[in-house]
Amino acid sequence: MADRLEDHLADLAESGRRYVAPLAAERIRARGERRLRRRRAAAVSGGALLSAALVLGGLSLASAPREPAAPAGLPTPTASPFVPPTPAPGEEYAGELGYVYGAVAEGDGTVRVTVERLRATRGTVEPTGVVHTLVLPGRTPVEARRLTGGEPADVELGRLVEPLADGPRWVFVIDYDSAGRVQSLREAFWLTG
């Protein structure tokens, strides 16, 4: 059986040699040179294309009109960077100290106010640079003292729109619950004049 298998393999190898003619060395070299020329041509055309793109980009930058940037306006309050404070563990509320001003009564019973966050240091306040807007129900409770004539009083925010409509003057502690909702405002009378 082994002899028959060897004979069969030998016949198969012989038939393969009869039908396949080896490539001549000249044809192999010619094929290699063609590949090399194609590769060089692609590199040269890619470099030329890159140079042309750089020249066009430089020309478009050089010919662009040079206009000064528009002057920056006054900073406007934005709601996006503001994150309400969260109560510490075991606390019911977290407080934010800030000027409350620019109050505007909205038609739906809410009051829009601007808050400029403050930092208290040694009995004085200094702005932190964070300014944001709050829209609160007009029924939001406010503990006031100087704002209501010197006597401590609990009033609704809707009744204080007029005195709070001016610029930064009144300092408040704004109480936030764990969901970030304003629960009340307390006038920080001990920090103002």
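**Reading a chain feature by feature**

Me: Let's start with Asp-108: in which part of the chain is Asp-108 found?

Reply: Asp-108 is found in the loop between β1 and β2. Keep in mind as we go that this is a predicted model.

Me: Is Asp-108 buried or exposed?

Reply: You read that from relative accessible area: under 20% is buried, over 50% is exposed, and partly exposed sits in between. Asp-108 has 63% relative accessibility, so it counts as exposed. Its C-alpha is 9.2 Å from that of Gly-138, and the two residues are 30 apart in sequence.

Me: OK, zooming out. How many helices and strands are there in the protein chain?

Reply: The protein chain has three helices and seven strands. Going along the sequence, the order is α-α-β-β-β-β-β-α-β-β.

Me: And what share of the residues is buried?

Reply: Of the 193 residues in the protein chain, 24% are buried.

Me: Take helix α2. How do I check its span against its number of residues?

Reply: Use a rise of 1.5 Å a residue. Helix α2 covers residues 25-63, which is 39 residues, so it should span 57 Å. The C-alpha atoms at its ends are 58 Å apart, which agrees.

Me: How many residues of α2 are buried?

Reply: Zero out of 39, so α2 lies largely in the open.

Me: Which residues gather in the patch of positive charge on the surface?

Reply: That patch consists of Arg-27, Arg-31, Arg-34, Arg-35, Arg-37, Arg-38 and Arg-39. Pick Arg-31 as an example: Arg-31 lies in helix α2, and with a relative accessible area of 41% it is partly exposed.

Me: Now the opposite sign. Which residues make the patch of negative charge?

Reply: Asp-3, Glu-6, Asp-7 and Asp-11 gather there, on the surface. Glu-6 belongs to helix α1, residues 2-19. Glu-6 counts as exposed, because its relative accessibility is 53%.

Me: Which residues make the nonpolar surface patch?

Reply: Leu-5, Leu-9 and Leu-12 make it, and the patch comes to about 310 Å². Leu-9 is also found in helix α1.

Me: On to salt bridges. What is the general idea?

Reply: Side chains of opposite charge can pair when their charged atoms come close. The cut-off you need is a side-chain nitrogen of Lys or Arg within 4 Å of a carboxyl oxygen of Asp or Glu. By that rule, there are five salt bridges here.

Me: Let's go through some of them. How far apart are the closest N and O atoms of Arg-117 and Glu-96?

Reply: They are 3.1 Å apart, and the two residues form a salt bridge. Arg-117 sits in strand β2 (residues 110-121) and Glu-96 in strand β1 (residues 94-105), so the pair ties together parts 21 residues apart in sequence. As for cover, Arg-117 is partly exposed at 23% relative accessible area, while Glu-96 is buried at 3%.

Me: Which residue does the side chain of Asp-175 meet in a salt bridge?

Reply: The partner is Arg-186, with 2.9 Å from N to O. This pair links distant parts of the chain, eleven residues apart: Asp-175 is in strand β6 (residues 170-176) and Arg-186 in strand β7 (residues 182-187). Asp-175 is buried, with a relative accessible area of 8%, whereas Arg-186 is partly exposed at 27%.

Me: And what does Arg-119 pair with?

Reply: Arg-119 meets Glu-126 in a salt bridge, again with an N to O distance given as 2.9 Å. Arg-119 is partly exposed at 42%, and Glu-126 is partly exposed at 33%.

Me: Last topic: contacts across the sequence. How far is Ala-103 from Ala-165 in space?

Reply: The trick is to put the separation along the chain beside the C-alpha separation. Ala-103 and Ala-165 are 62 residues apart along the chain, and their C-alpha atoms are separated by 4.4 Å. Ala-103 lies in strand β1 and counts as buried, at 6% relative accessibility.

Me: Let me try one more: is Val-142 buried or exposed?

Reply: Buried, because its relative accessibility is 2%. Val-142 lies in strand β4, residues 141-144. Its C-alpha atom is 9.3 Å from that of Ile-174, which is 32 residues away along the chain.

How values were computed: Residues are numbered from 1 along each chain as its sequence is written. This is a predicted model: local features need pLDDT of at least 70, side-chain atom pairs count only at pLDDT 80 or more; totals for chains, interfaces and linings use all residues. Side-chain values use heavy atoms; hydrogens and water are left out. Patches are made of residues with over 30% relative accessible area and no salt bridge: like charges are joined within 9 Å, nonpolar side chains (Val, Leu, Ile, Met, Phe, Trp, Tyr) within 5 Å. Accessible areas come from the Shrake-Rupley method with a 1.4 Å probe; for residues, only the protein chains shown count as cover. Lys and Arg count as positive and Asp and Glu as negative; His and the chain ends are not counted. The place of a charge is taken as NZ of Lys, CZ of Arg, CG of Asp or CD of Glu. Helices (H or I, at least four residues) and strands (E, at least two) are DSSP runs, numbered from the N terminus. Buried means under 20% relative accessible area, exposed over 50%, partly exposed in between (1.4 Å probe, protein chains only). The expected span of a helix is 1.5 Å times one less than its number of residues.
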